[in-house]
Amino acid sequence: QVQLAEFGGGLAQTGGSLSLSCTVSGRTFSNYAMGWFRQAPGKEREFVVAVSRNGRRTDYADSVKGRFTISRDNARNTADLLMNSLKPEDTAVYYCAAREEPSFATSEIYTRVYDYPAWGQGTQVTVSS
């Protein structure tokens, strides 16, 4: 059973930066495509960024392109999200998600909530104006 845990988050001012980290345990991290999603109060969970198993492919929501950067370290079992130039509309609970892939699928990325069967508990990010 794979387990995900998010760390980081908190409060930032507009224009500031925060870093989130997702650790994966219980299974081989390098077998998983990873994603970050967020959910603001009263809104549906939305895609933020995804990274392939081998880290060579990424995809970003238009709203965060140029500001957020995802990286993964298969040796440390982590997927990190660096968030720069934060805006009040980035305020949300941020979730990391994992999808186990077959050995031949190393470059797939997934952007839909239902693509991911495993989720972390979420971490709050609040950006003040």
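The following paragraphs describe the strand pairing, the disulfide and the nonpolar core of a predicted model.

Four strands of the predicted model form an open sheet, in which the order is β1-β3-β8-β7 and the pairing is antiparallel. The edges of this sheet are taken by β1 (3-8) and β7 (68-73), each of which has a single partner strand, so that one side of each is left without a neighbour in the sheet. From one strand to the next, the twist averages 15°.

Within this sheet, β3 and β8 run antiparallel and are joined by six bridges, and Ser21 stands opposite Asp80 in β8. On the other side of the pairing scheme, β7 and strand β8 (residues 78-83) also pair in the antiparallel sense, over six bridges. Here Ser71 stands opposite Asp80, and Asp73 has Thr78 of β8 as its bridge partner. Asp80 is thus placed opposite Ser21 and opposite Ser71. The hairpin of β7 and β8 has four residues between the strands, and in this hairpin Asn77 takes a positive phi near 60°. As for the environment of β8, five of its six residues are buried, and the strand is therefore largely enclosed by the rest of the structure.

A further set of pairings involves β9. This strand pairs with β4 in the antiparallel sense over eight bridges, with Gly35 standing opposite Ala97 in β9. Strand β10 (residues 118-119) runs antiparallel to β9 and is joined to β9 by two bridges; the bridge partner of Ala97 in β10 is Trp119. Ala97 accordingly stands opposite Gly35 and is also bridged to Trp119. Three bridges join β9 to β11, and these two strands likewise run antiparallel, Ala92 being opposite Val125 in β11.

The model contains one disulfide, which joins Cys22 to Cys96 with an S to S distance of 2.1 Å. The pair links distant parts of the chain, since Cys22 lies in strand β3 (residues 18-25) and Cys96 in strand β9 (residues 92-100), 74 residues apart. The disulfide thereby connects β3, a strand of the open four-stranded sheet, with β9, the strand that pairs with β4. The torsion about the S-S bond of Cys22 and Cys96 is about 55°, and the disulfide is therefore right-handed. Both ends were examined for accessibility. Cys22 has a relative accessibility of 0% and so counts as buried, while Cys96, with a relative accessible area of 0%, is buried as well.

The largest nonpolar core comprises 39 residues, of which Leu4, Met34, Trp36, Phe68, Leu81, Met83 and Tyr94 touch the most other members. Two or more residues are given to this core by each of β3, β4 (32-39), β5 (46-51), β7, β8, β9 and β11 (123-128). Among these contributing elements are β3, β7 and β8, which belong to the open sheet, as well as β4 and β9, which are paired over eight bridges. The contribution of β8 to the core accompanies the burial of five of its six residues.

Methods: Residues are numbered from 1 along each chain as its sequence is written. This is a predicted model: local features need pLDDT of at least 70, side-chain atom pairs count only at pLDDT 80 or more; totals for chains, interfaces and linings use all residues. Side-chain values use heavy atoms; hydrogens and water are left out. A disulfide is a pair of cysteine sulfur atoms within 2.5 Å. Buried means under 20% relative accessible area, exposed over 50%, partly exposed in between (1.4 Å probe, protein chains only). Two strands pair if DSSP finds at least two bridges between them. Axes are lines fitted to C-alpha atoms, for helices over the stretch in contact, and angles run from 0 to 180 degrees between N-to-C directions. A nonpolar core is a set of buried Ala, Val, Leu, Ile, Met, Phe, Trp, Tyr and Cys residues joined through side-chain atoms within 4.5 Å.
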